[in-house]
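Biologist: I would like to take a close look at a single part of this protein, and I would be grateful for one connected explanation that a first-year student could follow.

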Amino acid sequence: MGGTGEPGITVDLLGRIRALDGDTEFDLGAPGPRSLFCVLALRPNSTISLSQLVDALWGEAVPKTAAGGIYTYISVLRKALQPGWTRSQEHRILAGKPGGYSLVLPPQAVDVGRFEVAAAEAKRRWSVDDFPQALAQCDRALAEWGGPPLEGAVGPFAAGERARLEAVKLDVEEIRGAALIETTSAGDAVTALSVLTLANPLRERLHELLMLALYRTGRQAEALEVYQRVRRQLIDDLGIEPGPALQEMQERVLTGAGAAERLTGPRAPLVVGVIPAQLPHGPAHFTGRDDEVRRVTELCEAATSDALGGFTLILAIDGTAGVGKTALAVHLAGKVSSSFPDGQLFLDLRGFDPRAAPLTSEDALDHLLRGLGADAELLKRDAVAKAALYRSMLSGRRVLVVLDNAADAEQVRPLLPGSKGCLAVVTSRNRLAGLVARDGATRVSVDVLPPESSLDLLRRILGPEVVDADPGPAHELAAYCGHLPLALRIAAERIAGSEHYQLSDLVRELQSDRLDSLSTPDDESSVVRSVFSWSYRALKPGDARAFRLLGLHPATEIGVLDAAALLALDGPAARRQLDSLVRWHLLEQVGRDRYRFHDLLRIYAAECAERDEPDSRSAIGRLLDWYVNSTVAAREVVAPGLGEIAVTSPEYPAMTWRTYDVAMAWAGRELTALVDVLRLAADRGFDELAARLATALGVLCHGTSRWSDWLQVIELGEEAAHRIGDPISLGRLANDTGVVYHFLGRHDEAIASHETAVAIFTGIGNPQDQAVATNLAVAYSMMGRHLEALPLLEDAMRLAREQGNRFLEASVADNLGAVLSGLGRHDEAIEHGLHSLELIREEGSEHMLGHALTQVGDSCLRAGRVDEARRHYGAALELWRGLDDQWGEVRSLDRLTKTAAET
């Protein structure tokens with residue numbers, strides 16, 4: 001690193017790409033060499049390898065002539081930058097290095113470097129309330145720009161850097177707007193921020209600043225108009241309300257507090273969530289990879305350094321199956337986790353799971369947002385809105401994100417943090433060239449262990465006295481394992497688990513029986529298969545049976561109670577069985593009573609079950625019964641009285657819950673596994689259980705706002721119900737379809753689905769489900785069709801009272817209040833709303849109570865009873881805050897703001 005360079009050379013990248021010596025411009029040639037120059041100039045005095053240059057220019061679409069093209073471009077640039085240069089000379093500017101090429105330039109020769117230094121200083125000055133200097137540094141940074149950045153460069157690297165630089169520029173312009181306000185230049189701030197908000201209509205901080213600037217210049221009405229405009233656009237485009245900061249600014253303008261308050265320091269994130277700590281425990285006996293660990297640690301220090309301005313670090317760890325990618329990622333994450341105090345997220349993207357499709361980016365965003373504490377109601381919109389919310393929640397925070405087992409760059413890209421000081425660690429069997437080229441990821445390729453590291457791993461597991469006493473067999477064992485860490489661990493456990501079995505014994509066994517006709521010395525997957533088969537054959541009969549039966553479990557993680565049902569054991573015996581497999585390194589414990597397979601071992605265990613296990617179908621039936629019983633139990637706690645679902649006598653104890661919150665926490669944690677279990681039931685022909693499970697899952701999907709999961713559940717359940725001719729399940733699932741479409745804003749489809757449900761239940765004379773199916777009335781009401789909704793709700797109320805179903809009566813009363821209020825019958829609406837509140841307080845559903853309080857408040861506000869509305873909204877706000885429900889809190893604050901406008 002470092003270099004003095006030619007003293008007169010300067011490089012412009014923030015506009016048209018140019019290299020100059022004083023006033024003389026070098027001819028950088030066609031787009032190819034110009035793009036290569038851009039890559040080198042953005043990392044001056046750093047050595048960039050040939051493979052990195054290829055990735056930067058072509059990404060994943062690498063032509064066969066790529067390497068030759070790089071050499072040609074290098075030659076063109078060398079001749080342009082040093083006229084008269086010949087190959088016999090050392091080039092002063094574009095130097096060849098042992099690992100690649102480097103552009104040798106004097107300090108501050110590149111305008112991007114000067115811009116980033118000034119931008120970092122502006123941020124620092126702003127953070128200590130030095131507003132005049134913050135403004136000066138912003139002006140200094142923006143003066144470096146001469147047009148669209150990297151003009152003339154092509155390729156994925158240039159595209160990614162162009163987006164990054166424009167984002168940094170927008171950050172600087174935002175700070176400049178705030179600094180203008182605080183240096184008594186609010187009028188100039190209005191002009192600058194008006195332009196910026198037009199160009200960036202969804203960036204809430206810019207609108208917040210514009211509102212304050214307008215208010216400081218005596219334009220209160222215009223400031224409030226800005227709020228209404230951005231609110232409408234956020235709702236229309238993203239399906240979300242403005243964040244707390246923007247809502248607070250509206251309140252300040254309304255109350256007159258905006259004139260005196262100062263803007264100090266960086267703003268908090270848009271949504272303040274929990275601090276996640278999701279990293280699994282680090283691998284035991286982690287060995288080797290010293291260079292990779294050292295390199296990543298240094299990069300993390302730079303990424304989180306305030307002095308260097310910080311940056312987003314993306315690591316792309318690639319390698320073959322079983323080579324230790326996840327172990328390295330978790331080890332690295334644990335080592336640097338203290339640098340990311342705002343949380344650590346971990347997610348298995350299931351990129352190479354043969355039994356389940358990879359997670360979609362949208363589903364992955366749901367998992368990550370829930371980890372950050374996002375309210376479930378915020379997750380009901382499309383992937384674009386979720387990605388925007390994810391970036392907002394990470395803004396200004398230092399968070400570590402581990403994305404394990406990625407399928408490709410497109411799956412990962414929406415999940416990458418955009419905030420400086422964050423770290424994303426991605427593992428994949430693919431090279432993820434697109435992340436390296438377009439997103440600036442640092443590649444860490446993981447190979448098999450060197451022979452000496454393989455021996456070190458054996459020493460750590462077996463003890464140095466065992467390995468060093470007879471090193472020959474140890475070397476042979478490492479070779480038979482292909483130097484793969486996973487295979488080495490499992491093979492070593494064969495020896496560690498026996499007092500009389502020696503290294504030489506295992507080697508002789510391997511020499512005489514490779515056990516798998518597909519095994520070849522250069523095929524890592526067949527080597528792993530051989531090692532698995534050695535370990536499987538060495539298990540005691542009970543352990544072997546447990547191993548193969550657990551391979552039938554479709555979920556990524558396995559709990560003690562579901563394992564007990566699968567294995568036909570009681571809880572303590574199941575736990576002992578699981579712990580025995582952990583000791584053999586065939587299963588990993590990831591938490592209290594939580595276990596999982598390595599993905600390769602799970603595949604092998606399933607193969608063993610299909611080949612060796614006569615009890616497979618009965619075991620799957622026991623597992624499905626357990627899940628149906630547990631899910632129905634959760635449904636009864638969350639929403640009692642929605643219609644009975646048949647369950648079997650619990651031969652193996654299902655999960656039970658005492659409270660709504662505990663049941664919903666289980667649902668949120670287990671829903672992905674429940675969908676996998678439902679798919680297993682459908683695939684294996686357990687149609688009756690599949691239909692029951694799908695109908696039971698509806699309430700849990702609703703309560704967690706898992707709309708995409710719910711649609712999968714409905715599809716699988718309807719197919720099973722059709723096969724067995726189950727009209728009750730078909731009616732309930734049609735009703736569920738209407739609810740999903742309602743929340744997705746597809747109102748015509750919602751009405752059609754609810755009408756189907758009503759027709760089914762009317763046809764079979766099922767009164768309890770007829771009442772549930774009057775979600776149709778809610779769909780009518782949402783479209784302003786109150787007169788059509790009213791008789792449906794009146795019938796539902798009659799049925800609920802006849803059945804003594806107080807939960808359903810409360811729900812119908814709440815909806816009646818909304819419809820009557822829409823018809824202008826305010827006194828009746830309020831009466832029904834208050835009756836709903838009384839019933840809900842008896843039933844104890846706090847989330848339902850929050851919604852009902854808001855609905856009564858709406859009815860009071862429409863009736864002109866503002867004080868009563870304010871009281872109900874205030875009670876709802878207090879409740880939402882107690883539940884840590886940010887969506888409800890924002891909704892209540894918005895309503896309270898409306899009451900302020902009415903007084």
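Which residue in β9 is the bridge partner of Ala316?

Modeller: Before I answer, please keep in mind that this is a predicted model. The bridge partner of Ala316 is Val426, which belongs to strand β9. That pair is a good place to begin, since it leads to the strands on either hand. Strand β6, made of residues 313-318, pairs with β9 in the parallel sense, and 6 bridges join the two. Strand β9 also pairs with strand β8, which covers residues 400-406, again in the parallel sense, here over 5 bridges. Within β8, Leu400 is the residue that stands opposite Leu423 of β9.

We can now turn from the partners to the strand itself, which runs over residues 423-428 and has 6 of its 6 residues buried. In a regular strand, side chains point alternately to one face of the sheet and to the other. In β9, one side carries Leu423, Val425 and Thr427, while the other carries Ala424, Val426 and Ser428, and with every one of these residues buried, both faces of the strand are covered. Burial here means that less than 20% of the relative accessible area is left, because the term is defined as under 20%.

For a wider view, we can look at the nonpolar cores of the model. The largest has 100 residues, of which Phe547 and Leu550 touch the most other members, and its largest share, 13 residues, is supplied by helix α28, residues 660-683. Apart from this core lies another, of 78 residues, which includes Cys38, Leu105, Ile175 and Leu196.

Conventions
Residues numbered from 1 in each chain as written. Predicted model: local features only at pLDDT ≥ 70, side-chain atom pairs only at ≥ 80, totals over all residues. Heavy atoms only, no water. Buried < 20%, exposed > 50% of the residue type's maximum accessible area, 1.4 Å probe, protein only. Helix = DSSP H or I, 4+ residues; strand = E, 2+ residues; numbered from the N terminus. Pairing = 2+ DSSP bridges. Core = buried A, V, L, I, M, F, W, Y, C linked by side-chain atoms within 4.5 Å.
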